[in-house]
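Grab your viewer and work through a few exercises on the model below. Try each task yourself before you read the solution.

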Amino acid sequence: MKQCLTTRWTIIQRVFFLLIIAAAGPAGAQIKGNPERGADKAKTCIACHGQTGRGPMSGVPALSGQQFEFITLQLILIREGLREIPDMSGMLKELKDQDLADIGAFFSAMEPFSPRGTRNDRRFAAGAKLSEIMGCGSCHMKGYVGQRQVPRIINQREEYLAKTLIAYRDNKRSGVDTSMNAVMYKTTDEDIYALAHYLAHQN
Amino acid sequence: MSKLLSQLIARSLMPALVAGAFALPVPIALAQQANATPPTAAEIERRKSMGGYMPERMQNPNLTSNPPRLTVTPLEDIPVNKIQVPAGFKVEVWAHGIPGARMMTRAANGAVFVGTRTIGRVYAVYEKDGKRVSKIVAQKLNQPNGVLMHNGSLYIAAINRVFRYDNIEANLENIPEPVDMTKDFNLPPDVHHNWKFLAYGPDKKMYFQVGAPCNVCEINPGVHGQIRRYNMDGTGMEIVARGVRNSVGFDFHPQTKELWFTDNGRDWAGETGFDDELNRVPADKVGGHFGFPYCHANGQPDPDIKVPNPCANVILPVTVLGAHTAALGMRFYTGKMYPPEYQNAILLARHGSWNKTERSGYDILRVNATPDGKDAKITPFMTGFMDKSSNTYWGRPTDVMQLPDGSMLISDEQQGAIYRVSYGK
């Protein structure tokens with residue numbers, strides 16, 4: 001009996017150890033950002049994204065507390081014209097990779113964005129169920145806080161989430177890879193609105 | 001400790017272990033929602049016909065795709081001395097400073113054109129005033145992975161867009177405007193698994209894939225999960241292989257002229273589910289079915305999309321290449337530089353895994369087999385891009401290409417560099 005238990009606990013230990021080292025990824029030089037330098041370069045950004053990065057304008061995402069690597073990579077995509085945002089075109093043209101990393105560090109250091117609006121229980125429950133079937137937490141992590149190039153989506157602006165998921169489904173936008181296009185393939189508008197509502201109204 | 005407790009632990013852990021995945025006993029998403037009612041069987045079935053379906057056995061917050069590096073890696077930061085090759089072979093950095101470097105094609109006078117994905121560029125690497133330089137010849141494209149030189153023209157495929165740059169090698173300092181052939185090819189616009197690998201066939205046709213727009217789902221076999229060929233002007237489309245989830249590398253056997261291709265197996269089916277494949281299209285089975293989504297690897301049925309006799313009439317692989325290793329670019333070696341055992345062998349790149357806890361791939365393999373695809377033998381060719389003990393990687397080999405002198409070029413998307421592997425003095 002004692003022998004059996006030891007084996008089982010060893011398995012549990014091994015599982016958790018492997019899960020920890022599974023988080024290890026690429027090694028070697030990765031660009032780092034400086035939030036103080038970023039504050040200086042982000043003066044144009046806060047005009048739309050807000051002084052505290054909360055995203056006060058409809059259709060403009062909150063950035064405060066967003067994953068550093070996500071913001072930096074997205075800024076590169078926007079600068080290269082691979083993500084077309086008419087209101088931002090030309091704004092990043094003169095910025096070097098290090099500048100974009102500094103802006104990323106500036107926003108990711110802010111207090112994370114909080115939910116707004118009231119929760120509709122039926123929609124929330126529908127979104128919760130979908131999130132489970134679709135496995136959102138697998139990449140976006142527990143609490144939907146994101147990791148590395150996977151964005152924090154918890155409590156993001158609801159209309160922005162919906163607009164983004166629709167863009168992924170309709171192949172109008174890709175991330176740094178096409179994971180979201182694959183996940184959203186054939187998803188209905190109704191499902192998207194439920195997901196957006198659920199994610200935007202977490203406590 | 002009681003017998004009951006040990007049985008409880010056994011019952012919760014054994015399914016996870018049997019599934020071959022180091023999955024947590026409780027799906028993470030369930031833990032997040034105190035009040036959610038579990039999905040019904042009907043809701044799950046409905047979801048399976050779409051793209052995003054995560055089986056309950058596979059909720060794992062530590063598996064996510066690898067972030068790309070979109071910035072330049074300085075030469076001194078490329079750990080080329082960590083690369084290992086067989087005795088007698090030598091590795092050098094041939095080009096660097098080209099972030100996202102992936103698929104390669106070569107022009108008559110030596111210029112090499114390099115496709116990318118996320119960063120949206122196509123580079124030229126060429127000799128100028130006795131030095132090797134690189135420049136961007138196209139940018140702002142949507143995953144321009146497919147590049148092909150033919151008759152002095154560079155073809156670029158970016159998802160469903162196709163461009164032809166005529167007489168490009170003579171005009172590298174002043175790149176001409178391309179001919180837009182997008183309407184001629186009229187390709188599906190889906191983004192996932194739709195970045196192209198281009199090859200020129202012995203039948204003078206252009207070959208490329210249209211992958212499945214999801215991880216695993218029902219697809220229209222007339223549209224998705226294929227390798228196709230066209231006349232060079234976009235006419236005469238023919239499907240040469242079906243049930244191909246995502247092939248990003250193929251070549252033609254030097255003797256039989258048959259098409260051989262790598263294929264990436266599905267994700268979210270556990271640590272060993274399911275192998276990437278090396279396949280061959282027999283001359284009398286052009287258009288045949290290679291399994292997706294119902295049948296994988298050496299005849300294993302899909303656990304989520306179930307049909308009767310899932311592997312009936314499926315052409316099975318020449319060999320399997322490990323689960324989640326991301327087998328991509330491949331070529332048959334036909335040069336005179338390498339030892340005899342390399343003649344007509346395949347060299348293929350494994351880009352490296354993300355959908356398993358213990359990383360694997362991140363190397364170049366040699367595969368020897370008979371011309372009709374029997375007796376396959378795999379030998380590692382280039383390793384050292386990952387470190388097993390820390391479970392980290394620094395390089396991601398993506399494509400292989402032979403130079404006229406018989407040496408091989410290997411692209412590394414992570415380092416934004418190309419290595420040259422030579423043999424002998």
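Here come the ground rules, then five exercises with worked solutions.

This is a predicted model, so keep the filters in mind: local features need pLDDT of at least 70, side-chain atom pairs count only at pLDDT 80 or more, and totals for chains, interfaces and linings use all residues. Residues are numbered from 1 along each chain as its sequence is written, chains are lettered from A and ligands numbered from 1 in the order in which they are written, and side-chain values use heavy atoms, with hydrogens and water left out.

**Exercise 1.** Work out what radius of gyration a compact globule of 425 residues would have, and set chain B beside that value.

Solution. Start with the rule: 2.2 Å times the number of residues to the power 0.38, with the radius taken over C-alpha atoms. For 425 residues that lands near 22 Å, and chain B agrees because its own value is 22 Å. Next, check the box along the principal axes: the C-alpha atoms of chain B fill roughly 80 × 50 × 45 Å. Last, look at burial, where buried means under 20% relative accessible area, exposed over 50% and partly exposed in between (1.4 Å probe, protein chains only). Buried residues make up 60% of the 425 in chain B.

**Exercise 2.** Classify the ring pair Tyr338(B) and Tyr342(B), then do likewise for Tyr362(B) and Tyr393(B).

Solution. A pair of aromatic rings is described by the distance of the centres and the angle of the planes. Rings of Phe, Tyr and Trp (its six-membered ring) pair if their centres lie within 6.5 Å; planes under 30 degrees apart are stacked, over 60 edge-to-face, and the rest tilted. Over all chains, the structure holds 22 aromatic pairs. For Tyr338(B) and Tyr342(B), the centres are 5.4 Å apart and the planes sit at 80 degrees, so call that one edge-to-face. Both of these tyrosines are buried. Tyr362(B) and Tyr393(B) come out stacked, with 4.7 Å centre to centre and 20 degrees between the planes. That pair links distant parts of the chain, 31 residues apart. Tyr362(B) is buried at 1% relative accessible area, and Tyr393(B) is buried at 0%.

**Exercise 3.** Where does Ile410(B) lie, and which residues does Ile410(B) touch?

Solution. Strands (E, at least two residues) and helices (H or I, at least four) are DSSP runs, numbered from the N terminus. Ile410(B) lies in strand 28 (residues 408-412) of chain B. Its relative accessibility is 0%, so Ile410(B) counts as buried. Contact means heavy atoms within 4.5 Å. Leaving out residues up to four places away in sequence, the residues that Ile410(B) touches include Met104(B), Ile364(B), Met382(B) and Val421(B). From Ile410(B) to Val93(B), the C-alpha distance is 9.5 Å, though 317 residues separate the two in sequence.

**Exercise 4.** Find the omega of the peptide bonds from Gly273(B) to Phe274(B) and between Phe292(B) and Pro293(B).

Solution. For Gly273(B) to Phe274(B), omega is near -10 degrees, which is cis. Phe274(B) sits in the loop between strand 15 (259-263) and strand 16 (275-281) of chain B. For Phe292(B) and Pro293(B), omega is about 0 degrees, again cis.

**Exercise 5.** Is Ile159(B) buried or exposed?

Solution. Locate Ile159(B) in the loop between strand 7 (153-158) and strand 8 (161-165) of chain B. Its phi is near 50 degrees, a positive value in a residue other than glycine. With 2% relative accessibility, Ile159(B) is buried.
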